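Trainee: I would like a close look at one helix and its packing partners. Please take me through it step by step.

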Amino acid sequence: MLKEKYLNADEKFEKLLYKTGMIIGVLLIVVLCIIEILHIDVLHIVKCSFHTLTGLYCPGCGGTRAVVFLLKGDLLKSFLYHPFVLYCVVFYILFMAKGTLAYIFNDGKGYMKFRMWYVYVGVALLLGQFAVKNFLLIVCGIDILKSL
Ligand SMILES: [Zn+2]
């Protein structure tokens with residue numbers, strides 16, 4: 001195993017991101033287990049205050065339903081409810097797979113490089129779906145999240 005001191009600043013940052021990803025993954029699994037064990041109905045607990053007050057969708061509307069459908073294996077519905085969720089999950093899987101391979105086989109070198117375009121694509125997806133949902137709602141009168 002390569003010693004930490006032989007990694008350059010970018011490699012140390014990538015390794016830190018990988019470790020953070022591991023912690024987030026473990027925490028998510030714990031939360032999902034708690035939800036499953038306690039039979040918590042997440043869809044009826046989480047209500048969007050912005051949508052309740054304005055009738056419009058916020059950038060996060062549909063996210064919980066997207067996660068629920070993703071966990072049920074319905075990728076299409078998950079994507080339609082909130083494409084950002086699927087983007088994050090696919091990205092997370094790729095990031096962690098490459099990081100794990102680097103950790104095991106490549107002396108801690110070869111983690112997935114951080115690129116700002118990953119963030120830009122995510123933000124564009126988030127804002128794009130927000131704009132489309134509200135455009136359909138306001139201009140066309142189609143409440144896409146209710147009609148799915
Ligand atoms: Zn919302």
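Mentor: What follows goes from the whole chain to helix α6 and its two contacts.

This is a predicted model: local features need pLDDT of at least 70, side-chain atom pairs count only at pLDDT 80 or more, and totals for chains, interfaces and linings use all residues. Numbering starts from 1 along each chain as its sequence is written.

Start with the chain. It has eight helices and zero strands. Here helices are DSSP runs of H or I with at least four residues, strands are runs of E with at least two, and both are numbered from the N terminus. The radius of gyration is 19 Å, well over the 15 Å that the globule rule gives for 148 residues, so the chain is more spread out than a compact globule. That radius is taken over C-alpha atoms, and the rule is 2.2 Å times the number of residues to the power 0.38. Along the principal axes, the C-alpha atoms fill a box of roughly 60 × 35 × 25 Å.

Now α6. This helix spans residues 83-105. An unreviewed UniProt entry annotates "transmembrane region" over residues 21-40, 84-105 and 117-145. Such annotations may be inferred rather than shown by experiment; feature names are shortened, and positions follow the numbering used here. Over residues 84-105 the chain is 100% helix and 0% strand, with the end C-alpha atoms 31 Å apart.

Take α1 as one partner. Helix α1 (residues 9-37) packs on α6 at about 120°, axes 10 Å apart. Axes are lines fitted to C-alpha atoms, for helices over the stretch in contact; angles run from 0 to 180 degrees between N-to-C directions. The pair is therefore oblique. Under 35 degrees is roughly parallel, over 145 roughly antiparallel, 65 to 115 roughly perpendicular, and the rest oblique. The α1 side of the contact is Y18, G21 and G25; the α6 side is Y92, F95, M96, G99 and Y103. Contact means C-beta atoms, placed from the backbone, within 7 Å. The α1–α6 contact residues divide into five nonpolar, three polar and no charged. Nonpolar covers Ala, Val, Leu, Ile, Met, Phe, Trp, Tyr, Cys and Pro; charged covers Asp, Glu, Lys and Arg; the others, Gly among them, are polar.

Next, α4. Helix α4 (residues 63-71) and α6 pack at about 50°, with axes 8 Å apart. That makes α4 oblique to α6. From α4 come G63, A66, V67 and L70; from α6, V85, L86 and V89. The α4–α6 contact has six nonpolar, one polar and no charged residues.

Terms used
Two residues are in contact if their C-beta atoms, placed from the backbone, lie within 7 Å.
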